[in-house]
Every structure is written in structure tokens, then in C-alpha cells.
Amino acid sequence: MNAADDDDKHDSNDSDNVDITKSSSSASLIPPQIASIIDQTDQFTFSDSDSTTDSRSVTVRLHVDASPGCGGIAWPAGRVLSEYIVRHPDLVSGREIVLELGSGTGLVGLVAAQLGAKTVWITDQQVLLPIMNKNVEMNSLGDNVKVAELNWGEAVPEYLPTRPDVILAADCVYFEPAFPLLVQTLSDLSDSRTEILFCYKKRRKADKRFFTMLKKKFKYVEIPDEPYSDVYTREAISLLRLTKIGTSN
Ligand SMILES: C[S@@+](CC[C@H](N)C(=O)[O-])C[C@H]1O[C@@H](n2cnc3c(N)ncnc32)[C@H](O)[C@@H]1O
């Protein structure tokens, strides 16, 4: 299904300004911090439980700490995207360069590295880099995973690859002022051959504006993922594949 003209899908179940933390906070435009999670360790195992032959599982240990910002914990769309790539490892396995945007803890990128991506860049704002570095170390993935600052909307730093083979982004649509910045960075890093896996949890009616901006530069389609579609719908999660339109930035 081509979702490019299907903005309303991302506008279903609308309850405007649902807070990302599901708390009663009304500060819907301020990225919230979940202050109760401080300096903890978590573990996530994702498995290809449907596989009847070689069952595969990937375990990632994470240092989680919300004090530097909302990215310091693992968000729902990050878990969904992690599990999806575990069930479809060919999307990342053997790929030369995989780059994750808004990695937070680094969860999805760490899973991609465990699945055999050759070099994975996990990127975020400067405050998250210590957590990401710690998580690379905790999972002994320092040979394959590089941590870098990448602020959406700014020029892509020279130390980053300009054309990753795969871009991963999970739970990056939540803060309206950042919508054009995220679209710009996605555009700066990609061309029409770049595989972009984008997992999104709808929280606010305003999220629709992100897709209005996105479709000026990208086509996007919902990735069919049976038998999980009902779960995604219930959780307001969309798993999308983005394709850059043309070659211009
Ligand atoms: C809701 S968290 C999701 C984290 C992670 N992808 C996950 O699924 O667990 C959104 C992430 O986007 C990052 N982010 C927000 N605005 C950003 C910007 N302007 N430049 C770079 N990263 C940004 C945040 O720091 C945070 O780590």
C-alpha cells in the first residue's frame, strides 16, 4: 500500500496532544524527561519466534537514564523496529554502513550491529553520547559501532558517511519544531537508493504535519508485517519504508 497520500491513516484515533510519557503533563511540545529512570540497566531480547527453522534471537543490555533527556530510555517504536530487523536480518546484515538517527540509548543500532551490519553509526544530540558510548561498551560492539553527534537540520559533519546504505529512525516524531529538521537530515543523508526504515508512534494530531513535510521529499509505504498489524494499529505504531524522491536535497 502506498501511504504517501494517506495522511489520514496517521491521523486516526486522534486524541490531540497525548503526552509522550502518558503522564498528565500538558507540556506537549516540550520533550519530557522520565525522571524516575535514573542510572539503571535494562535488557532486551528480540527473537524471530515465528521462524520454524533457525530461530534467532538478539539480546542487548542497555544503560538507561532519563536525566539527560527523553532519549535515555528505550521507546516503543525502537523496540518494534529492533524486533522487525531481527525477523528480517537481511535488511541490515552485511550492509556496509547503517546509520541510526535519534538513537537515544542506541538500541536499534546495537541490534543492527549484532545482526551483522558492518559499520553502524548511532547518532544523537551531544547529551546522549555518554549513554550511547556506555551501551556500545556494555555490548562489546566497539569494533562495529561508532557513536557520533548529529543534530538534525545542521550540516552533516564530515566525520559521518554522506550516503549510508541503510538509515534507521525510531520514535523520532514527537517534537513539532524538530519536524523540518528531521526531514532535512533524512534528505541530506539519502538518495533514491537508500533504504530507510522509519518506525513511528503516533501521539498527537500535530504529527500529521511531519508527514506533510516528509512527502515533499520522500515517498513512504507502510511495511506489511503480519501477524503484527493489529498490534501496531492498537498501539498507534507505523512501520514505514521511505524512498527519497529524485536526487536533490
Ligand atoms: C523519543 S526518543 C527515541 C529514542 C530511540 N530512537 C528509541 O526509540 O528508543 C527521540 C530521540 O530523538 C533525539 N532528537 C530529538 N531532537 C533531535 C535533534 N534536533 N537532533 C538530533 N536528535 C534529536 C532525542 O535526543 C532522542 O534521543
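Is Ser140 buried or exposed? Ser140 is exposed, because only 10 other C-beta atoms lie within 10 Å, and a residue counts as exposed at 12 or fewer. This report returns to that residue after describing the structure around it.

## The model as a whole

The structure is a predicted model. The protein chain has an average pLDDT of 87, and 83% of its residues score at least 70. Residues 1–33 have a pLDDT below 50, although this stretch has 51 contacts in the model beyond near neighbours in sequence.

The protein chain has 249 residues, of which 40% count as buried. Its secondary structure consists of 6 helices and 9 strands. Among contacts between residues at least 6 apart in sequence, 73% join residues at least 24 apart.

## The sheet

An open sheet is formed by 7 strands, in the order S5-S4-S3-S6-S7-S9-S8, and the pairing is mixed. Strands S5 and S8 (218–222) stand at the edges; each has a single partner strand, so one side of each is without a neighbour in the sheet. From one strand to the next, the twist averages 20°. In general, the strands of a sheet pair through backbone hydrogen bonds, in a parallel or an antiparallel way.

At the S5 edge, strand S4 (residues 119–124) runs parallel to S5 and is joined to it by 5 bridges. Within this pair, Ile122 stands opposite Val147 in S5. Helix H3 (residues 129–138) packs on the sheet and touches both S4 and S5; the direction of H3 makes about 175° with that of S5.

## Val147, a residue in an edge strand

Val147 belongs to strand S5, which covers residues 145–149. Is this residue buried or exposed? Val147 is buried, because 23 other C-beta atoms lie within 10 Å, and the cut-off for a buried residue is 20 or more.

Setting aside residues up to four places away in sequence, Val147 touches Ile122, Leu129, Met132, Asn133 and Val136. Trp121 is 26 residues from Val147 in sequence, while their C-alpha atoms are 5.8 Å apart in space.

## The nonpolar core

In soluble globular proteins, nonpolar side chains tend to be buried together. The largest nonpolar core of this model has 67 residues, and those with the most contacts inside it are Leu81, Val111, Ala112, Leu168 and Cys199. Ala112 is in contact with Ile85, Val92, Val98, Ala117, Val120 and Leu168, leaving aside neighbours within four places in sequence.

One of these contacts, Ala117, is found in the loop between H2 and S4. Ala117 is buried, with 28 other C-beta atoms within 10 Å. Beyond four places in sequence, the contacts of Ala117 are Val92, Ser93, Arg95, Val98 and Ala112. Ala117 and Val145 are 28 residues apart in sequence, and 9.2 Å separates their C-alpha atoms.

## Helix H1

Helix H1 has 12 residues (residues 76–87), which at 1.5 Å a residue should span 16 Å; the C-alpha atoms at its ends are 17 Å apart, in agreement with that. Of these 12 residues, 9 are buried, so H1 is largely enclosed by the rest of the structure.

The buried residues of H1 include Leu81 and Ile85, and also Ser82 and Glu83. What do the buried residues of H1 pack against? Their partners are strands S1 (40–47), S2 (57–64), S6 (166–170), S7 (195–201) and S9 (237–244), together with helix H2 (107–114).

## Backbone exceptions in the loops

Most residues other than glycine have a negative phi, and most peptide bonds are trans. Ser140, in the loop between H3 and S5, has a positive phi near 50° and is not a glycine. Asp171 also is not a glycine, and its phi is positive at about 55°.

Asp171 is found in the loop between S6 and helix H4 (179–189). Asp171 counts as buried because it has 24 C-beta neighbours inside 10 Å, whereas Ser140 is exposed. A further exception is the peptide bond from Glu226 to Pro227, which is cis, with omega near 10°. Pro227 is found in the loop between S8 and helix H6 (229–235).

Terms used. Residues are numbered from 1 along each chain as its sequence is written. This is a predicted model: local features need pLDDT of at least 70, side-chain atom pairs count only at pLDDT 80 or more; totals for chains, interfaces and linings use all residues. A nonpolar core is a set of buried Ala, Val, Leu, Ile, Met, Phe, Trp, Tyr and Cys residues joined through C-beta atoms within 7 Å. Two residues are in contact if their C-beta atoms, placed from the backbone, lie within 7 Å. pLDDT is the predictor's confidence in each residue, from 0 to 100. Helices (H or I, at least four residues) and strands (E, at least two) are DSSP runs, numbered from the N terminus. Two strands pair if DSSP finds at least two bridges between them. Axes are lines fitted to C-alpha atoms, for helices over the stretch in contact, and angles run from 0 to 180 degrees between N-to-C directions. The expected span of a helix is 1.5 Å times one less than its number of residues.
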